[in-house]
Amino acid sequence: MRHTPRSASHRVAYTRPLGHSPLQMLEESFLALATAPQPLTLPAHLVCEEPEQDVLPVDQIRTRLAHAATSPALRERTWGEVIRRAQRLGEPWDTVAVAMTVPVLRRMLARLPYPAHVERAEVEQEALAAVAVTLPSVNADAADAARELFAAADRAVHRLAYAARRQAEHETGQNAAHLGRLAGTAHRTDRTGCHVDVPGAEVGEEGDEYAVLVHAVWARVVGIAEAQLIARTRLGGESMQLLASERGVSVRQLYRRRAAAEQQLAVHLRHQLREQ
């Protein structure tokens, strides 16, 4: 049964695991089509004024398509044919059409300043999804057909970056303010009522906050690693990027761990305050 372009496009864009590079995985599928025993081909005259052979594998078509010597007219003709095949025939041409955008998407994403806690795989996924969703509605006969695909990807990744920044700013400000307010009112005593000496902490608000973290570890509200994460980034001002590299995890994972630990800490402190 032939897949419709839209369903196939969604499969290309949405089923790649976020731990890997969606662009690379799509590239592997594309190259497999081009290097199969019977490679997927296109007429050579699409990208060559005077072709030496009748057809070329799709990867060679893409290479010539991106070459500076290829005229705008040939590019438009090639893109129009690729888009028409994707819209009319579905797989594997929708995979080919999306994969044709990969060289441009790589350059586009390399220039994009997106937040550090957004994984590159997520950005790539968003760009490919935008191309795949836009593909069925593009006018294949338009001179700017390919540009419409690239513009859709550009808008999508900028929306993602903007939303991620707003969310990070909101969560950072909210968690820091809440933790600071609760820590400032917490007593510097352990569960038995004994005074706590916190190494390296001075008397005052920051000392209180370090003490709260020590109490939370003793009470098994947060682990030592989570307490250190909060202390080093919130109180010590260390970079999340640095700690992520040190711990061998992504920055996004580290933000999530800190947010979860701070939420647990906030609940614990609210409970303590109600008991006083």
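How much accessible surface does the protein chain have, and what share of it belongs to carbon and sulfur atoms? The accessible surface comes to about 14,900 Å². Carbon and sulfur atoms hold 52% of that surface. Keep in mind that this is a predicted model.

**The whole chain**

Start with everything in view. The protein chain has 276 residues, and 42% of them are buried. Colour by secondary structure. You should find 12 helices and 2 strands. Now trace the order along the sequence: α-α-β-β-α-α-α-α-α-α-α-α-α-α. Next, consider contacts with a sequence separation of 6 or more. Of these, 64% link residues that are 24 or more positions apart.

**Strand β2**

Select residues 55–57. This is strand β2, and Valine 55 belongs to it. Is Valine 55 buried, exposed or in between? Its relative accessible area is 40%, so Valine 55 counts as partly exposed. Show its neighbours. Leaving out residues up to four places away in sequence, Valine 55 touches Thr41, Leu42, Pro43 and Ala44. Pick the C-alpha atoms of valine 55 and leucine 42. They lie 5.5 Å apart in space, with their positions 13 residues apart in sequence.

**Glutamate 27 in α2**

Move to helix α2, where glutamate 27 sits. Glutamate 27 is a charged residue, yet it is buried, with a relative accessible area of 12%. Which residues does glutamate 27 touch, not counting those up to four places away in sequence? Select Arg62, Val102 and Arg106.

**A cis bond before α5**

Go to the loop between α4 and α5 and find proline 92. Look at the peptide bond that joins glutamate 91 and proline 92. It is cis, with omega at about 0°. In general, most peptide bonds are trans.

**Where α4 meets α5**

Select residues 72–89 for α4 and residues 93–100 for α5. Their axes come within 7 Å and cross at roughly 145°. The crossing is left-handed. Add side chains to see the contact. From α4, take Trp79, Val82, Arg85, Ala86 and Leu89. From α5, take Trp93, Asp94, Val96, Ala97 and Met100. By class, this contact has 8 nonpolar residues, 2 charged ones and no polar ones.

Stay on helix α5 and pick threonine 95. With a relative accessible area of 7%, threonine 95 is buried, because buried means under 20%. Now add phenylalanine 30. Its C-alpha atom is 6.9 Å from that of threonine 95, although the two are 65 residues apart along the chain.

**The nonpolar cores**

In soluble globular proteins, nonpolar side chains tend to be buried together. Here, the largest nonpolar core has 44 residues. Which of them touch the most other members? Select Leu42, Val58, Trp79, Ile83, Val96, Met100 and Leu105. Then show the helices α2 (22–34), α3 (58–66), α4, α5, α6 (102–111), α7 (120–134) and α8 (145–185). Each supplies at least two residues of this core. Helix α8 gives the most, with 7 residues.

Zoom in on methionine 100. Not counting residues up to four places away in sequence, methionine 100 touches Leu42, Val58, Ile61, Arg62, Leu65, Trp79 and Val82.

For the last stop, select Val212, Leu213, Val221 and Ala261. They are among the 11 residues of a second, separate core.

Technical notes: Residues numbered from 1 in each chain as written. Predicted model: local features only at pLDDT ≥ 70, side-chain atom pairs only at ≥ 80, totals over all residues. Heavy atoms only, no water. Axes fitted to C-alpha atoms, helices over the stretch in contact; angles between N-to-C directions. Helix = DSSP H or I, 4+ residues; strand = E, 2+ residues; numbered from the N terminus. Left-handed = near helix turned anticlockwise from the far one by under 90°. Contact = heavy atoms within 4.5 Å. Core = buried A, V, L, I, M, F, W, Y, C linked by side-chain atoms within 4.5 Å. Buried < 20%, exposed > 50% of the residue type's maximum accessible area, 1.4 Å probe, protein only. Areas by Shrake-Rupley, 256 points an atom, 1.4 Å probe, with all protein chains shown as cover.
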